[in-house]
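Student: I'm new to this one. Could you walk me through how to read it?

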2 protein chains.
Amino acid sequence: MSDTAIQTLKNMLAHLDDAKKYQSLRDVMETLPAPDLAAVFEDLPPEKMPVLFRLCPKDLAAEVFAELPPDTQSALIQGLTDKELKVVIEALFVDDATDLVEEMPAGVVKRILSQAEPDTRQMINELLKYPEDSAGGVMTTELMELSPEMTVRQAMDAIRQNGFDKETINNCYVTRKDRTLVGVVSLRTLVLEKNEDRRIDDLMDTNVISVTTATDREDTSQLFEKYGFLAIPVVDTENRLVGIVTIDDAISILQDEASEDIAKMNAMAPTDKPYFRRNLWDLYRSRAPWLLFLMVSSSFSSMVIRGYEDALAAVTVLTAYIPMLTDTGGNAGSQSTSTIIRGLAVGELKPGDILRILWREMRVALLCGLTLAGCNFLKLLAIDHIAAPIAVVVCLTLIVTVVVSQLLGAALPVAAEKIGIDPAVMASPLITTIVDTTTLLVYFNIARAVLHLA
Amino acid sequence: MSDTAIQTLKNMLAHLDDAKKYQSLRDVMETLPAPDLAAVFEDLPPEKMPVLFRLCPKDLAAEVFAELPPDTQSALIQGLTDKELKVVIEALFVDDATDLVEEMPAGVVKRILSQAEPDTRQMINELLKYPEDSAGGVMTTELMELSPEMTVRQAMDAIRQNGFDKETINNCYVTRKDRTLVGVVSLRTLVLEKNEDRRIDDLMDTNVISVTTATDREDTSQLFEKYGFLAIPVVDTENRLVGIVTIDDAISILQDEASEDIAKMNAMAPTDKPYFRRNLWDLYRSRAPWLLFLMVSSSFSSMVIRGYEDALAAVTVLTAYIPMLTDTGGNAGSQSTSTIIRGLAVGELKPGDILRILWREMRVALLCGLTLAGCNFLKLLAIDHIAAPIAVVVCLTLIVTVVVSQLLGAALPVAAEKIGIDPAVMASPLITTIVDTTTLLVYFNIARAVLHLA
């Protein structure tokens with residue numbers, strides 16, 4: 001929904017509220033999808049929020065609540081009575097309730113847990129044990145479980161009886177008495193099965209792909225794309241079912257990870273807040289330290305230049321091609337480094353592929369370097385009217401710098417991955433800084449050799 | 001699945017095939033998920049493929065086929081008889097069949113269409129009309145449609161009768177006789193409803209969010225993340241239901257678009273082929289033209305330097321800080337440009353926000369610039385032992401270049417979006433090139449003014 005639509009709705013709700021037309025207010029809110037209503041809520045003055053929130057039907061209220069950013073949730077909770085808070089918590093899916101507990105300040109958490117029913121509290125505490133970036137940290141325990149010896153009829157009865165508070169019933173998981181996961185059966189299969197006496201273990205898919213609670217949440221999410229799942233079961237180390245990750249969480253994780261990688265690849269500390277929700281200080285903190293670090297690192301290039309001042313003084317025209325050479329090196333490095341980082345991120349490349357990668361990168365870089373050098377040589381002679389030996393120096397440097405940049409650009413992210421650093425931080429800006437110094441050293445040494453400088 | 005697992009399976013299948021143990025071969029293949037089996041198929045010699053393919057049960061064969069890359073599909077089709085091909089085409093979902101027709105060479109397309117049943121052929125031709133990057137181009141027409149006046153019992157009967165060949169029945173779409181979309185009802189709701197005589201129009205959700213056939217496929221996919229849908233209905237201009245887009249396609253589109261943006265942001269032509277499926281020529285073609293374009297553009301910086309050769313000759317130490325200044329400008333520009341590009345891509349920012357964006361960027365840039373200049377000033381005096389006036393020149397340039405770079409970096413992608421160019425091409429490398437020239441001009445002019453050069 002666009003900003004103007006949100007504004008219109010906000011005004012509409014404020015008018016209805018002022019005129020105390022509560023029935024109409026309720027009717028209007030019921031026509032809105034939860035994420036849109038949440039966007040309107042975010043913009044409301046804090047004192048209006050509880051009034052409107054109380055008018056929402058219970059399930060819609062829970063959905064809206066789950067969509068709100070943490071600071072709005074916290075403000076809203078303060079305006080709710082204990083009884084109202086209890087209703088919201090019980091209506092939330094348990095993974096959303098756990099996220100809430102993770103985000104709220106300690107005082108609010110205490111109030112939330114004291115209002116939760118004992119079994120909800122237990123499920124929340126169970127989920128809180130897992131690291132946030134693991135499958136355990138994003139799973140829900142509200143799943144539909146069936147036994148292998150059930151018939152289709154019994155299974156459908158069980159679903160009708162227990163399905164209402166499950167996060168999804170589109171896939172049901174088949175477990176033995178000790179909760180060992182033995183199969184999966186979709187609601188579709190159950191509904192379309194003509195023989196209602198057929199047993200679940202006869203019908204279920206036994207090739208279940210599952211993850212453990214410790215699996216990285218990004219790796220878990222990639223399985224959704226690869227296999228086209230709607231949910232993935234999460235098991236403990238003894239293959240006992242403890243939860244499921246659903247595709248709506250997976251899609252958010254994949255999008256967040258891509259945004260994070262893009263931030264890191266451009267020398268920023270990643271954040272999951274949208275642009276206009278970050279204040280100036282957030283933006284400053286994510287940018288300034290990296291700029292500072294890279295500025296200090298690029299002092300090496302100043303040192304190189306100062307070390308070769310004599311050569312530059314002898315052939316001043318050499319200075320004119322420094323930006324072109326360092327830029328080209330940086331661009332060439334960014335190309336290979338971002339290709340490899342994304343390949344690692346989507347699971348298409350593995351650190352073990354390093355030799356195959358370097359062999360390809362070297363040949364591509366050589367082709368690119370030769371093309372650039374050829375074009376540049378003609379331009380230097382015909383347009384810039386530079387002496388041929390100097391043109392040779394510039395063009396030889398161009399070839400070497402493209403090859404070195406693309407090899408370094410490919411090797412650094414793989415090396416980072418191998419030693420457990422996020423490859424994305426090895427991206428363009430860092431590569432550019434490293435490549436600059438290398439390029440300058442190559443440039444001045446070739447110049448000395450070709451032009452016979454001291 | 002890892003490369004070594006694929007290798008092991010490939011060997012296993014080859015052995016079973018050589019020993020003509022077809023029953024075991026079939027049993028082994030049936031235990032594998034389709035995407036894994038497809039990965040094994042890709043590596044098989046072309047003459048083995050049809051043999052193994054024939055042993056797969058029909059539905060698994062169709063799934064495996066849909067997962068294969070186009071060149072393997074084409075090779076496999078050549079090894080199949082017309083009758084076998086017909087079975088595969090009819091078992092494919094119609095959106096996968098359409099993708100196949102779009103990717104195959106003309107001769108193969110003719111064979112495919114001649115083997116398809118008349119109604120399949122009609123659906124394929126229907127889908128071929130829509131541009132590949134629109135919702136129409138990625139939707140399927142195999143959806144479950146219900147009438148508003150049906151009871152739950154009638155609806156379940158309809159699903160049992162017609163649901164088997166639908167891509168999904170988890171959501172059913174409610175249409176009037178003229179196919180106008182009036183609501184959506186989930187299979188979950190139908191299954192959990194206790195009163196089987198309740199009418200669909202009483203139970204359905206009438207706030208249906210739909211897209212039109214012309215909606216961009218990326219915009220369509222973003223709705224899945226925002227609203228947590230499993231499928232989105234696609235309507236024509238008169239709100240008549242023509243198809244659905246399912247979440248498995250949406251997740252691939254979002255991942256592909258993120259990869260494409262990362263490629264463009266790093267000066268490469270995007271491709272949807274995995275790294276090792278691209279040959280040297282593909283890699284070269286995606287990289288060399290951009291490197292060449294950026295190299296030529298960075299000639300402007302050479303021109304600037306040559307224009308100020310007198311100033312540089314008078315104060316040679318100025319040269320030493322050129323790479324540090326241009327790098328910092330480039331890095332600062334990349335930060336804001338990538339933030340804005342990603343914000344536009346995930347729908348968090350809109351071109352209309354430009355003034356708010358520039359106002360924030362200016363303040364953040366000023367803070368960053370002042371921080372960098374302060375640190376650098378101390379370093380120049382204490383470590384580099386540079387004369388104070390030159391240090392002032394360098395630091396003033398730093399402030400101006402960070403501010404200009406971040407403003408340009410924010411403005412260019414928004415401007416690109418407004419005139420209909422992909423904002424991602426405005427990213428780091430292009431910004432770097434533009435910023436270089438600006439930085440140098442600022443540097444030399446400040447130097448002239450402060451140092452009273454001619």
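Tutor: Let's go through the overall form, the pairing of the chains and the core.

Tutor: This is a predicted model, where local features need pLDDT of at least 70 and side-chain atom pairs count only at pLDDT 80 or more, while totals for chains, interfaces and linings use all residues. Residues are numbered from 1 along each chain as its sequence is written, and chains are lettered from A and ligands numbered from 1 in the order in which they are written.

Student: Which domains does the assignment give for chain A?

Tutor: Domain bounds come from an automatic or database domain assignment. Here chain A gets domain 1 (3–129), domain 2 (145–252) and domain 3 (298–451). The centres of domain 1 and domain 2 of chain A, taken over C-alpha atoms, are 30 Å apart.

Student: What radius of gyration does chain A have?

Tutor: That radius is taken over C-alpha atoms, and the globule rule is 2.2 Å times the number of residues to the power 0.38. For a compact globule of 454 residues you'd get near 22 Å, but chain A has 30 Å. Its C-alpha trace spans about 90 × 60 × 35 Å along the principal axes.

Student: How are chains A and B related?

Tutor: Two copies of a chain are related by a rotation about an axis and a shift along it. The fit is by least squares on the C-alpha atoms of residues with pLDDT of at least 70 in both copies. Here a turn of 180 degrees and a shift of 0.0 Å along the axis lay chain A on chain B with an RMSD of 0.2 Å. The two copies are therefore related as by a two-fold rotation axis. The same surface serves both, with 100% of the contact residues of chain A recurring in chain B.

Student: How many residues are in contact between the chains?

Tutor: Contact means that C-beta atoms, placed from the backbone, lie within 7 Å. By that test, 89 residues of chain A are in contact with 89 residues of chain B. Helix 20 (residues 322–345) of chain A gives the most to its side, with 15 residues; helices are DSSP runs of H or I, at least four residues, numbered from the N terminus.

Student: And which residues touch the most others in the largest nonpolar core?

Tutor: In soluble globular proteins, nonpolar side chains tend to be buried together. A core is a set of buried Ala, Val, Leu, Ile, Met, Phe, Trp, Tyr and Cys residues joined through C-beta atoms within 7 Å, and buried means 20 or more other C-beta atoms within 10 Å of a residue's own. Of the 203 residues in the largest one, Val185(A), Val245(A), Val185(B) and Val245(B) touch the most other members. Helix 23 (residues 388–418) of chain B gives the most to this core, with 16 residues.

Note on methods. Contact = placed C-beta atoms within 7 Å. Helix = DSSP H or I, 4+ residues; strand = E, 2+ residues; numbered from the N terminus. Buried ≥ 20, exposed ≤ 12 C-beta atoms within 10 Å, placed from the backbone.
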